[in-house]
Every structure is written in C-alpha cells, then in structure tokens.
Amino acid sequence: MNDVTDLHAEFDGERLPPGQRETTRFPVLSKGGTPSVADDPTLDVYGAVGTELSLSIPDLEELGAEAQRQDFHCVTGWSRFDCEFYGLPFPRLADHAGVDGAVHVMFHAHDGYTTNLPLGECDRQEVLFAWELDGEPLAGEHGGPLRVVTPHKYAYKGAKWVSGVEFLTEPERGYWEKRGYSDTANPWEEERYA
Ligand SMILES: Nc1nc2c(c(=O)[nH]1)N[C@H]1C(S)=C(S)[C@@H](COP(=O)(O)O)O[C@H]1N2
Ligand SMILES: [Mo]
C-alpha cells in the first residue's frame, strides 16, 4: 500500500490542517441526492488530448491501478485519516490520452457537478480515479462506482460519480468554484472561500 498521508510535509503543515477536526465517521456531502449511475460506468476523456478515450473501470485498472492510504479533508471542517482508496493515478490516464496543449482540467459528474484544477495540480500520483474504499466497492453516496480523490486539496476538488475529464487550454471554474469556494483549495493555507 502506497502511503501518502505524509503529503502535508510538502505544504509545510501538520497532518491535521488548521481549523479541521478529525472524525472516524465518513459524512456524506453532496449538493443534491445520489444520482443513479450504471454499475459499469464509462469515463470520457476529451478536449486537448492526443486521443479521446472512453474507459470502463476494468480499462482504468489495466492502465495501472494501485492502493493508496490517504487523508480526506472536507472544507466544512472534518478530516478522515487513513482512507484506503484503490484506483488509477491521474498521471497514468493523462499519459495514455496524451496531453496536447492543455493547461487545466475540468472534471464532470453525473449529478451535474463540476470541479477544476490546473493540470499541474491534478497530474499528481495521489489524485486517483477510485472505485474501492477500505477494501469494498465505493458506496453510491460516496461517489461509487467511480469518483476522484484529491488529498492535497479540500475534497470538493474530487468529483463523485465522475463521468468525464475535460482537458482545457484555458482555466475555467467548476460548480463550487463559481459559487464562492476557493479555486485553489489548499487545506494547509485554509483556502476555503474565494
Ligand atoms: N459529483 C459530486 N462530487 C462531489 C460533491 C457533489 O456534490 N457532487 N461534493 C463534494 C464535496 S463538497 C465534498 S466534501 C466531497 C464529499 O465526499 P463524501 O460525500 O464522500 O464525503 O465530495 C465532493 N465531490
Ligand atoms: Mo465539501
């Protein structure tokens, strides 16, 4: 298991970011209800890439899935330590598609949610397309069958029920980023609101 719970060191912070409290529960935070998503979803990869792709979870697994132990920080103030996610690191997907002029990424989800990151901030090993948590298939309310996790950012940067990854040549803002949440979302700098 690849342990990335020491990620805070890169941001010169403690393991528990400022203003957060640790919880052993796993609260559900969704803008609406849990959408119905096929058990065998496809992830569309498109925009400024060499090859547009439509990938199933088995396709993602074949590109080089791995297990990682990660911490999860919600902007509303709770952190859950030691989440064991299994999924595909973003860089493997980006390499497979072949980034072609992109500087930014928009993640799209089945509930209409979107969230954005600069390419350099999602082309990181700990950004996972995840379909298992703690040895079980990811629960629907937590974004199953497939979600993104971003342990170096507040968790709104990780789209549950992810449906598409759009590579962009200009920055754009996602759902919460347009509604007053921080675009940069660094938990160790408490970048909660814009
Ligand atoms: N598609 C989608 N992804 C989403 C959200 C959402 O409403 N829809 N909420 C975000 C927020 S604000 C947080 S804190 C985390 C919560 O994940 P959890 O419900 O598994 O705790 O998912 C993020 N990803
Ligand atoms: Mo959140």
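Visitor: What makes up the lining of the largest pocket, by class?
Guide: By class, that lining has 14 nonpolar, four polar and four charged residues, where Ala, Val, Leu, Ile, Met, Phe, Trp, Tyr, Cys and Pro count as nonpolar, Asp, Glu, Lys and Arg as charged, and the others, Gly among them, as polar. This is a predicted model, in which local features need pLDDT of at least 70 and side-chain atom pairs pLDDT 80 or more, while totals for chains, interfaces and linings use all residues. Residues are numbered from 1 along each chain as its sequence is written, chains are lettered from A and ligands numbered from 1 in the order in which they are written, and side-chain values use heavy atoms, without hydrogens and water.

Visitor: How much space lies in the largest pocket, and which residues are closest to its centre?
Guide: The space in the largest pocket is about 390 Å³. Its lining counts 22 residues, with Leu29, Ser30, Tyr113, Tyr156 and Trp176 closest to the centre.

Visitor: Where does ligand 1 sit?
Guide: Ligand 1 sits in the largest pocket, which means that more than half of its atoms lie within 2 Å of the grid points of that pocket. Around ligand 1 there are 21 residues, the closest being Pro27, Lys31, Asp111, His142 and Lys160, and this shell divides into 13 nonpolar, three polar and five charged residues.

Visitor: Why is the pair between ligand 1 and the side chain of His142 called a polar contact?
Guide: An oxygen atom of ligand 1 lies 2.6 Å from an N or O atom in the side chain of His142, and a polar contact is a pair of N or O atoms within 3.5 Å, so the pair qualifies. A polar backbone atom of Lys31 is 2.7 Å from an oxygen atom of ligand 1, and a nitrogen atom of ligand 1 is 2.8 Å from a backbone N or O atom of Gly158. Of the 530 Å² that ligand 1 exposes when taken alone, the protein buries 98%, by the Shrake-Rupley method with a 1.4 Å probe.

Terms used: Near = heavy atom within 4 Å. Polar contact = N/O pair within 3.5 Å; in protein donor to acceptor, adjacent residues only side chain to side chain. 1 Å grid on protein atoms, 1.4 Å probe; cavity = no way out; pocket = protein on both sides within 12 Å on 5 of 7 lines; lining within 4 Å. Points joined across faces, edges and corners; volume = space filled by probe spheres on them.
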